[in-house]
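Good morning, and thank you for joining. I would like to walk through one structure, moving from a single residue to the sheet and then to the ligand.

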Amino acid sequence: MRCRHCNHQLEKVLIDLGACPPSNAYLHSLTEREEHYPLRVLICENCWLVQTDISLFTLGYDELFTKDYPYFSSVSADWVNHAKKYVEKITERFGLDQDSLTIEVGSNDGYLLQFMKTPCYGIEPTMTGEKAKEKGVMSCSNFFTSAFAENALHFQGPADLMIANNVLAHVPNINDFVRGFSILLKSDGVATFEFPHLLHLIDGTQFDTIYHEHYSYLSLTAIMNIFKSQGLSVFDVEELETHGGSLRVYADKGLRPEESSVAKILEKEKDIDYTAFQAKADRVKNDFIGFLLRAKIEGKTVAGFGAAAKGNTLLNYSGVRSDLLPYVEDDTPAKQGKFLPGSRIIVRKEFADVPDYVVIFPWNHKAEIMAKLGHMKSKFVTFIPDLEIANSQGVYWYGGRH
Ligand code: JHZ
């Protein structure tokens with residue numbers, strides 16, 4: 001396969017996770033058929049874009065982001081709060097007022113734009129956009145491309161601020177997507193992008209964030225190469241704790257001087273060590289299977305919490321099925337009553353009883369989930385980066401090796 005940014009021939013494999021169905025393709029019934037596609041990640045040694053090997057599957061992105069895409073950003077109160085703080089900060093920093101236009105790409109259910117007090121609209125191809133409309137957030141039901149940007153420029157005019165949170169990873173044609181920002185931004189406009197940082201994906205063995213829906217695993221180095229080729233330059237970057245360690249990148253059309261934050265992150269990225277990633281992921285997988293088997297042999301009950309896409313990667317790479325984990329509880333109505341892709345474990349609205357152990361799949365929301373479930377007598381287990389067992393008083397068993 002050739003690099004989706006620079007067309008360089010890709011040879012280096014970061015990780016091979018076998019084959020599984022798309023991670024958000026929840027099943028309506030156990031008799032439904034599903035396709036499994038190989039999931040392998042390659043590294044471009046020319047521009048450093050780390051990318052899913054799309055030569056191994058034939059899925060179009062419109063098959064991954066279907067109308068019934070079940071990820072609703074507002075289910076996590078912490079994430080909504082993060083969005084609220086961003087809106088306050090960005091409004092002040094760039095002096096947004098009633099004459100400023102903000103456009104969010106991948107605006108989902110309006111979790112962020114609901115806080116904007118200045119003119120704005122969202123672009124969201126999935127049905128989650130209907131929820132945004134219920135919140136009074138204007139939402140266009142489209143995929144964002146450079147052609148869309150040309151059209152939007154003509155009809156709605158250029159933007160002062162453009163936002164894309166956790167969207168860059170989801171686009172197959174990343175050059176065209178970024179070109180769209182270049183087209184639609186005012187000459188003094190600013191675009192901000194948040195994405196899980198490759199540095200932490202590798203350091204923190206976050207291999208479960210790899211799924212077909214994510215075409216790219218991003219570093220500042222790769223992003224700056226892509227942006228430069230499409231007429232955007234990065235002038236500031238912040239490290240965030242969200243999603244296990246993310247970056248928020250600020251870009252414009254070259255007007256603002258580059259802040260020292262940029263060189264600092266680029267320097268850190270020089271130390272990324274790709275070599276032991278597969279072995280570290282395999283240790284997590286072995287711990288996961290070992291834990292579930294031990295619990296089963298000891299007659300303990302186990303349930304999952306959070307039918308996250310990342311949970312499906314862990315479950316499918318580990319080959320775990322409902323004999324070892326009978327159900328997963330999730331607060332998202334669109335997932336409840338359905339079956340997880342691949343493992344075919346049922347998603348429930350409520351816990352059937354008080355399990356001895358609750359496996360938290362979205363470890364990125366662990367604090368929020370523990371606060372919510374802390375009244376339960378269960379023990380809470382996470383596997384990334386290491387097996388950790390906690391009760392409401394805190395961690396009492398840690399299998400740290402990293
Ligand atoms: P969560 C997401 O991945 C979505 P996922 C996306 N694919 C992306 O790119 C990455 O983040 C970065 C449930 N839950 O956020 C909701 C509760 O039920 O880790 C979700 O199903 N109650 C765009 O899918 C899941 O857990 C709660 O109180 O891995 C969380 O999934 C909380 C906090 C969560 O996303």
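I begin with H212, which is located in the loop that connects α6 (198-203) to β9 (216-217). Please keep in mind throughout that this is a predicted model. Is H212 buried or exposed? With a relative accessible area of 1%, H212 is buried, because the cut-off for that term is under 20%. Its side chain comes to 3.1 Å from the backbone oxygen of Y37. Leaving aside residues up to four places away in sequence, H212 touches C20, P21, P22, Y37, P38, L39, F57 and L64.

Let me turn to the sheet. Seven strands make up an open sheet with mixed pairing, and their order is β6-β5-β4-β7-β8-β11-β10. Which strands stand at the edges? They are β6 (139-140) and β10 (233-240); each has a single partner strand, so one side of each has no neighbour in the sheet. Further in, β8 (residues 185-196) and β11 (residues 246-252) run antiparallel and are joined by six bridges. As one example of register, A191 has A251 of β11 as its bridge partner.

I come now to the ligand. There are 27 residues around the ligand, and those that come nearest are K310, D330, D331, K335 and K372. By class, the shell comprises eleven nonpolar, nine polar and seven charged residues.

Three side chains deserve individual mention. For D330, a polar side-chain atom is 2.7 Å from an oxygen atom of the ligand. In the case of K335, an N or O atom of the side chain also lies 2.7 Å from a ligand oxygen atom. E213 places a polar side-chain atom 3.2 Å from a nitrogen atom of the ligand. How much of the ligand's accessible area does the protein cover? On its own the ligand has 730 Å² of accessible area, and the protein covers 96% of this.

Which helices each supply at least two residues of the shell? They are α10 (309-318) and α11 (366-373). The greatest contribution is that of α11, with three residues.

I shall therefore close with α11, which gives the most to the shell. Its buried residues are K366, E368, I369, M370 and L373. These buried residues pack against one helix, α2 (77-93), and against the strands β12 (302-305), β15 (357-360), β16 (379-382) and β17 (388-391). Thank you for your attention.

Technical notes: Residues are numbered from 1 along each chain as its sequence is written. This is a predicted model: local features need pLDDT of at least 70, side-chain atom pairs count only at pLDDT 80 or more; totals for chains, interfaces and linings use all residues. Side-chain values use heavy atoms; hydrogens and water are left out. A residue is near a molecule or strand if one of its heavy atoms lies within 4 Å of it. A polar contact is a pair of N or O atoms within 3.5 Å; within protein, one must be able to donate a hydrogen and the other to accept it, and residues adjacent in sequence count only if both atoms are side-chain atoms. Accessible areas come from the Shrake-Rupley method with a 1.4 Å probe; for residues, only the protein chains shown count as cover. Helices (H or I, at least four residues) and strands (E, at least two) are DSSP runs, numbered from the N terminus. Ala, Val, Leu, Ile, Met, Phe, Trp, Tyr, Cys and Pro count as nonpolar, Asp, Glu, Lys and Arg as charged, and the others, Gly among them, as polar. Buried means under 20% relative accessible area, exposed over 50%, partly exposed in between (1.4 Å probe, protein chains only). Contact means heavy atoms within 4.5 Å. Two strands pair if DSSP finds at least two bridges between them.
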